[in-house]
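Open the model in your viewer and keep the selection tool ready. The tour goes from helix packing to empty space.

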Amino acid sequence: MHIPDGFVSVPVAAATGALSVAALGIALGRSRDAFGIRRAPVLGLTTAFIFAAQMINFPVAGGTSGHLLGGTLAAIVLGSPWAGTLCIATVLIIQAVLFADGGITALGANIFNMAVVGVWVGWGLTQTLQRLLGGTRGKLPLAAGIAAGVSVVAAAIVAAIQLALSGTAPVNIVLPAMTGVHILIGVGEGLITGGVLAYLSTARPDLLPGTQQQLQGWLVPVVSILLIAGVLSLVASAWPDGLERVAEDLGFINLAEQIRVSVPTPFADYSIEGLGPIGTSIAGILGSGVCFAVAFGIAQVVKPNNA
């Protein structure tokens, strides 16, 4: 769902950019209570994990693929939708700047769609479903899985509206197209989110809020991130993702080629020129490391002084 340069108009890019900057400013202030000694590394690990997981496109149908959005998962693991917004925004900024994944001019739109709409719809629906299901920790994977799937569709609807407002495609065509394909991708999102939370609730409760006060070991999370970024990324589906497929079908994919923003992207397309698959592994591992470092630094800046 990463919108490239050329898909949204200047007014839409400016408006969503302003909204995203405002949301991130509020999130930085409101996240202060979410961080302490334990939560700083967890923010870093969560951000690195989502970056790595987003490298793995899974096939859905009709030659289309999708990947984890991760907003609901981030908000639940971090115990705060504000922290979830910071997490996903960090991933999106690093993807755009270092990996040419998502346009620089569309960065505000992408942050708004995935780090604001995706996170908050997923978080709010999870809380509602949890109450309806009895509020037990055992029901959390189910509630969050359903909410995560819906959050993908919600983000896709907002993206479709932005495309329509930009004059990229008529709303009566792009809206159903984006909604339909992202319903399928949302199924994958829900399964991944529910599966990860089911594992954490039993094997690593220290990575969830409201449990132990100290992170109990780094080995398993770090090794998992390295395996996803360095190994599993090599078997990702090569099919176009949901937005790219819609752009191809509706005939506006060429707009991405008409605007080139001159920003150095050393790992464009998650690769290093001349290294083949090894380059993809190295790029994924380096990207995960950068995500961890930036997110950990953010947590150190916003955590309470007495944490």
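## Helix 4 against helix 5

Helix 4 passes helix 5 in a right-handed crossing. Keep in mind that this is a predicted model. Select both helices and look along their axes, which lie 9 Å apart at an angle of about 150°. Angles over 145 degrees count as roughly antiparallel, so helix 4 and helix 5 are roughly antiparallel to each other.

Now show side chains. On helix 4, pick Pro81, Trp82, Gly84, Thr85, Ile88, Ala89, Leu92, Ile93 and Ala96. Their partners on helix 5 are Leu107, Asn110, Ile111, Met114, Ala115, Val116, Val119, Trp120 and Trp123. Colour this contact by residue class: 15 are nonpolar, 3 are polar and none is charged.

## Helix 4 against helix 10

Keep helix 4 (residues 81-99) and add helix 10 (residues 276-302). Their axes are 10 Å apart, and the packing angle is about 135°. That makes helix 4 oblique to helix 10. The crossing of this pair is right-handed.

Which residues of helix 4 meet helix 10? Select Leu86, Thr90, Val91, Ile94, Leu98 and Phe99. Facing them on helix 10 are Ala283, Gly287, Val290, Cys291, Val294, Ala295 and Ile298. The class colours give 11 nonpolar residues, 2 polar and no charged.

## Helix 3 against helix 5

Hide helix 10 and bring up helix 3 with helix 5 (residues 107-132). Here the axes come within 7 Å and cross at roughly 60°. Helix 3 and helix 5 are therefore oblique to each other. Helix 3 passes helix 5 in a right-handed crossing.

Select Gly71, Thr72, Ala75 and Ile76 on helix 3. Then add Gly118, Val119, Gly122, Trp123, Thr126 and Gln127 on helix 5. How many residues of this contact are nonpolar, and how many polar? The count is 4 nonpolar and 6 polar, with no charged residue. Val119 and Trp123 of helix 5 also belong to the contact with helix 4.

## The second largest pocket

Switch to a surface view. Rolling a probe the size of a water molecule over the atoms shows where empty space is left.

Centre the view on Phe49, Val196, Leu200, Leu207 and Pro221, which lie nearest the centre of the second largest pocket. In total, 15 residues line this pocket, and about 300 Å³ of space lies in it.

Next, colour by helix. Helix 2 (39-54), helix 3 (71-78), helix 7 (171-203) and helix 8 (219-230) each supply at least two lining residues. By class, the lining has 12 nonpolar residues, 2 polar and 1 charged.

## The largest cavity

Finish inside the protein. The structure holds 1 cavity of 30 Å³ or more. How much space lies in the largest cavity? About 80 Å³.

Select its lining: Met1, Ser65, Gly66, His67, Leu69, Met114, Val152, His182, Ile185, Asp241 and Gly242. Strand 2 (65-66) and helix 7 each supply at least two of these residues. Helix 7 also does so for the lining of the second largest pocket. Met114 links back to the start of the tour, as one of the helix 5 residues in contact with helix 4.

Apply the class colours once more. The cavity lining divides into 5 nonpolar, 5 polar and 1 charged.

Methods: Residues numbered from 1 in each chain as written. Predicted model: local features only at pLDDT ≥ 70, side-chain atom pairs only at ≥ 80, totals over all residues. Heavy atoms only, no water. Axes fitted to C-alpha atoms, helices over the stretch in contact; angles between N-to-C directions. Helix = DSSP H or I, 4+ residues; strand = E, 2+ residues; numbered from the N terminus. Parallel < 35°, antiparallel > 145°, perpendicular 65-115°, else oblique. Left-handed = near helix turned anticlockwise from the far one by under 90°. Contact = heavy atoms within 4.5 Å. Nonpolar A, V, L, I, M, F, W, Y, C, P; charged D, E, K, R; others polar. 1 Å grid on protein atoms, 1.4 Å probe; cavity = no way out; pocket = protein on both sides within 12 Å on 5 of 7 lines; lining within 4 Å. Points joined across faces, edges and corners; volume = space filled by probe spheres on them.
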